[in-house]
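Biologist: I am new to this structure and would like to go through it slowly, one question at a time. Could you begin with whatever term I need in order to follow the talk of loops?

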Amino acid sequence: MHRVAVAGALLLALSITSLAAHDLNRRRAGWDGLIVLVEALADRFGPVEREAGFEALRPKLARSGLVPSLIFDDAAAWTMRGGDWRAFDLAGYASGGVYHIGIRAEAPRPSVRGQYKGSVKLLRLAAGRFEWTASDDLAIGQARPSDLAGALDTLIHFAERSTEASGRAAIAKVLPRASAQFGLLFRLETVSLQPDAQGATSVRLAVRLTPAGIGGFAPRHAAFLEKHAKPVNVSLIIADPAGVTWWTLEATDGLWTVRLRIKDGGLVPLEGLADRGLPGRLRARADLATRIGRFEVGARRLTADLTLTRTPGEKAFSARLLEEPDWRLPFLVETFLDSPLRYPFETPGSEVEWAIRESPHGNFLNRR
């Protein structure tokens, strides 16, 4: 859950003080909505029990991600099909302290907090090309986008008044159970808040992943994180079209570090004048690397155009990738996968979106 962990860990770790909690208690909708969202995520990403059909399908999907022809004509993989497309749905729900996920011919729309629907579709295009489309919808109960935005604004305001000592003490006081559970898998190593002459506050948060902390009750998950998550190295810069940096994220040997700058309850450029608010369009550039067995794999200069949506009923951002990065792959692998690696970046490119949306059918966390 790195896509929500940075925002959630940052705002909670840096900003929750007794005064902030008191203010949020007076705005119960935002505070309650934030709690409900966290609980829904805790259900979805807690202990998982996969039904047999889904368990059997997962390795097939992994093998065919870049070579879809391997799975397109596999009748056992799909519950829906047409002449040039194949699809299946997933349904998830929490029961008995475990989250259950299984394949469905057509999963129902989630209606209760924590219920989940996933959809996967594979489309065969001309000239032997394929296109994957995936979506996820998680019901988040009464958590409304506008309430959550208000709660986060309040937390950012209090982050500007906090210190590392007061922030750490407040976390333990206001959220004792969450702090204890969070501390099993993550160690908060640095919380730095530095006011500057522009009236802004530079923030540096460093969190270390500690898989051994959950080894006693989730040994397989701990081993997975130790093997696949800790070796990941990331260098990410978010800038506007003019090249001004707004925040950065770095990861090395399990230590994830975020740098940003805040003023008057919002983000401002990381350096220089603090007289501008966050624009609706940004550009991300990243270098990624990890190890798979004896090999180092990754990509340099992976770029994406980001679009932010900030309406009362929807908080979202989308990323469109149009430039193929410089791949770092084992000898000959890039040659064999030349077309599958290049095609996703050809016009109109590939797109991914995350959003919190309010609708007549309920409130949802969506991924497309």
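Modeller: Helices, of at least four residues, and strands, of at least two, are DSSP runs numbered from the N terminus. Please keep in mind that this is a predicted model.

Biologist: In which loop is Asp 264 found, and is Asp 264 buried or exposed?

Modeller: Asp 264 has a positive phi of about 55°, although this residue is not a glycine. Its place is the loop between E11 and strand E12 (266–267). Because a residue counts as exposed over 50% relative accessible area, and Asp 264 has a value of 61%, Asp 264 is exposed.

Biologist: What is the sign of phi at Asp 253, and how does its accessibility class follow from the cut-offs?

Modeller: Most residues other than glycine have a negative phi. Asp 253, in the loop between strand E10 (245–252) and strand E11 (255–263), has a phi of about 50°, so the sign at this non-glycine residue is positive. Its relative accessibility is 48%, and since the range between 20% and 50% is the one in between, Asp 253 counts as partly exposed.

Biologist: Which peptide bond is cis, and where does its proline lie?

Modeller: Most peptide bonds are trans. The bond from Thr 347 to Pro 348, however, has omega near 10° and is cis. As for the proline, Pro 348 lies in the loop between helix H11 (338–342) and strand E17 (350–359).

Biologist: Leaving aside neighbours within four places in sequence, with which residues is Leu 273 in contact?

Modeller: Leu 273 is found in the loop between E12 and strand E13 (281–292), and with a relative accessible area of 55% this leucine is exposed. From C-alpha to C-alpha, Leu 273 and Ala 200 are 9.2 Å apart in space, while 73 residues separate them in sequence. Once the neighbours within four places are set aside, the contacts of Leu 273 are with Gln 198 and Arg 261.

Biologist: Over which rings do the charged ends of Arg 44 and Lys 121 sit?

Modeller: One requirement is that the charge lies within 6 Å of the ring centre. For Arg 44 the distance is 4.5 Å, and the ring beneath its charged end is that of Tyr 116. For Lys 121 the distance is 5.4 Å, and the ring is that of Trp 85.

Biologist: How many aromatic pairs are there, and which residues do ring pairs link into a cluster?

Modeller: Rings pair if their centres lie within 6.5 Å, and by this rule the count comes to five aromatic pairs. The cluster that ring pairs link is made of Trp 78, Phe 88 and Trp 132.

Note on methods: Residues are numbered from 1 along each chain as its sequence is written. This is a predicted model: local features need pLDDT of at least 70, side-chain atom pairs count only at pLDDT 80 or more; totals for chains, interfaces and linings use all residues. Side-chain values use heavy atoms; hydrogens and water are left out. Rings of Phe, Tyr and Trp (its six-membered ring) pair if their centres lie within 6.5 Å; planes under 30 degrees apart count as stacked, over 60 as edge-to-face and the rest as tilted. A charge sits over a ring if NZ of Lys or CZ of Arg is within 6 Å of the ring centre and within 35 degrees of the ring normal. Buried means under 20% relative accessible area, exposed over 50%, partly exposed in between (1.4 Å probe, protein chains only). Contact means heavy atoms within 4.5 Å.
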